[in-house]
Amino acid sequence: MNLSRLDLNLVVALRALLEERNVTRAGQRVGLSQPAMSAALARLRRHFGDDLLARVGGHYELTALGQVLLNRTSTAYDVLERLFASQADFDPARESREFKVMASDYAVAVFGTELARVVHEEAPGVRLRFTQTSPTVVDDTATLLSAIDGLLMPHGVISDFPATDLYDDRWVFLVSADHPEIGDRLTREDLARLPWVTYQRTYDAPAVRQLGMLGIEPRVEVSVDSFQLLPLLVAGTRRIALVQGRLARLLAPIAAVRVLEPPYEAVPLREALWWHPVHTHDAAHSWLRETSARVGARLAANGAE
């Protein structure tokens with residue numbers, strides 16, 4: 001395919017058609033008349049050699065290829081939007097911009113809240129949009145990063161992309177304040193015999209993989225897609241949970257739990273902001289990275305205890 005011969009306006013039309021599944025509504029969404037959108041659909045059908053939208057009864061449904069293109073078109077649109085939003089200069093006090101950052105609830109609670117405070121003070125026109133980390137982050141990192149401004153993720157999960165280191169953290173265990181079997185410390189035998197509450201996106205917890213190297217297989221009783229729910233699922237039970245030290249300190253008031261040190265030398269956690277190389281020379285993105293580094297340095301100075 002010769003990209004220079006492709007009308008990139010068709011990407012806008014294609015996204016609207018695939019998401020709306022209606023020519024009239026798609027045209028209204030992008031500001032085209034019904035005949036103009038019909039002509040765009042005809043060009044797209046010729047290009048792909050497929051109907052894309054097939055009439056079923058009184059409505060349209062996506063063809064098999066149309067379904068495949070649905071997510072790809074959304075990603076391509078986001079990439080193009082970010083590409084043409086790139087700036088040579090950026091004045092945070094005067095300009096308007098939205099940054100989309102993907103992160104776990106741990107990263108938002110510990111780092112994102114501090115970043116948002118600084119942005120609120122220094123850049124009143126800047127908006128931050130935090131979204132939950134995608135399950136495809138490891139398998140399709142390039143595509144994911146190309147559609148967002150940054151990914152908050154510890155080292156040891158992805159590689160080969162630029163990153164700004166933010167702060168270090170450590171791993172601790174949570175047990176109920178009234179746990180009937182645990183005193184002031186945990187043993188490796190405790191980790192093997194007691195039931196666990198775990199964060200189900202295991203790539204965010206490389207320390208869990210360390211347990212396997214120690215011959216410990218957690219007996220998972222409950223898994224949840226939120227680090228912040230772990231204390232509530234530990235309190236009043238025999239369960240244990242592995243959580244980041246900074247988050248444990250923040251969550252201490254919400255549940256009757258105790259924080260205990262691991263009975264082994266747990267691997268530390270170094271949080272970073274990862275981004276796609278396409279953003280490297282964008283002035284607005286440079287400001288985001290520099291601001292993130294400042295916030296990270298402030299957290300680092302406060303320590304992980």
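Student: How do I read a helix pair here: at what angle do the axes of H2 and H3 cross, and within what distance do they come?

Tutor: Axes are lines fitted to C-alpha atoms, for helices over the stretch in contact, with angles from 0 to 180 degrees between N-to-C directions. The axes of H2 and H3 cross at roughly 105 degrees and come within 8 Å. Under 35 degrees counts as roughly parallel, over 145 as roughly antiparallel, 65 to 115 as roughly perpendicular, and the rest as oblique. So H2 is roughly perpendicular to H3. On the H2 side the contact (heavy atoms within 4.5 Å) is made by Val23, Thr24, Ala26, Gly27 and Val30, and on the H3 side by Gln34, Met37, Ser38 and Leu41.

Student: Before we go on, what am I looking at?

Tutor: This is a predicted model, where local features need pLDDT of at least 70 and side-chain atom pairs count only at pLDDT 80 or more, while totals for chains, interfaces and linings use all residues. Residues are numbered from 1 along each chain as its sequence is written, and side-chain values use heavy atoms, with hydrogens and water left out.

Student: How many helices and strands does the protein chain have?

Tutor: Helices (H or I, at least four residues) and strands (E, at least two) are DSSP runs, numbered from the N terminus. The protein chain has 11 helices and 12 strands, and its C-alpha trace spans about 75 × 50 × 30 Å along the principal axes. Among contacts between residues at least 6 apart in sequence, 76% join residues at least 24 apart.

Student: What share of the 305 residues is buried?

Tutor: Buried means under 20% relative accessible area, exposed over 50%, and partly exposed in between (1.4 Å probe, protein chains only). Here, buried residues make up 46% of the 305.

Student: Back to the start of the chain, then. How far does helix H1 reach from its first C-alpha to its last?

Tutor: The expected span is 1.5 Å times one less than the number of residues. H1 covers residues 9-20, 12 in number, and reaches 17 Å, close to the 16 Å expected. Its buried residues are Leu10, Val11, Ala13, Leu14, Arg15, Ala16, Leu17 and Leu18.

Student: And how does H1 meet H2: at what angle do the axes cross?

Tutor: Roughly 135 degrees, with the axes coming within 8 Å. That makes H1 oblique to H2. As for hand, a crossing is left-handed if the near helix is turned anticlockwise from the far one by less than a right angle, and right-handed if clockwise. H1 passes H2 in a right-handed crossing. Val12, Arg15, Ala16, Leu17, Glu19 and Glu20 of H1 make the contact with Val23, Arg25, Ala26, Arg29 and Val30 of H2.

Student: What about the loops? Which residue follows H1 with a positive phi?

Tutor: That's Arg21, in the loop between H1 and H2. Its phi is near 55 degrees, a positive value in a residue other than glycine. Arg21 is partly exposed, with a relative accessible area of 32%. Asp160 also has a positive phi, about 65 degrees, although it is not a glycine. Asp160 sits in the loop between strand S5 (150-154) and strand S6 (163-169), and at 76% relative accessibility Asp160 counts as exposed.

Student: Where is Leu32?

Tutor: Leu32 is in the loop between helix H2 (23-30) and helix H3 (34-48). At 37% relative accessibility, Leu32 counts as partly exposed. Leaving aside neighbours within four places in sequence, Leu32 is in contact with Gly27 and Met37.

Student: Now the core. Which residues touch the most other members of the largest nonpolar core?

Tutor: A nonpolar core is a set of buried Ala, Val, Leu, Ile, Met, Phe, Trp, Tyr and Cys residues joined through side-chain atoms within 4.5 Å. The largest has 56 residues, and Tyr106, Phe111, Leu152, Phe173, Leu191, Leu247 and Trp287 touch the most other members. Helix H5 (residues 105-122) gives the largest share, eight residues. Apart from this core lies another, of 17 residues, among them Ala13, Leu17, Val23 and Leu44.

Student: How do H5 and helix H11 cross?

Tutor: The axes of H5 and H11 (residues 283-302) come within 10 Å and cross at roughly 120 degrees. That makes H5 oblique to H11, and the crossing is right-handed. The contact includes Phe111 and Leu115 of H5 and Trp287 and Leu288 of H11.
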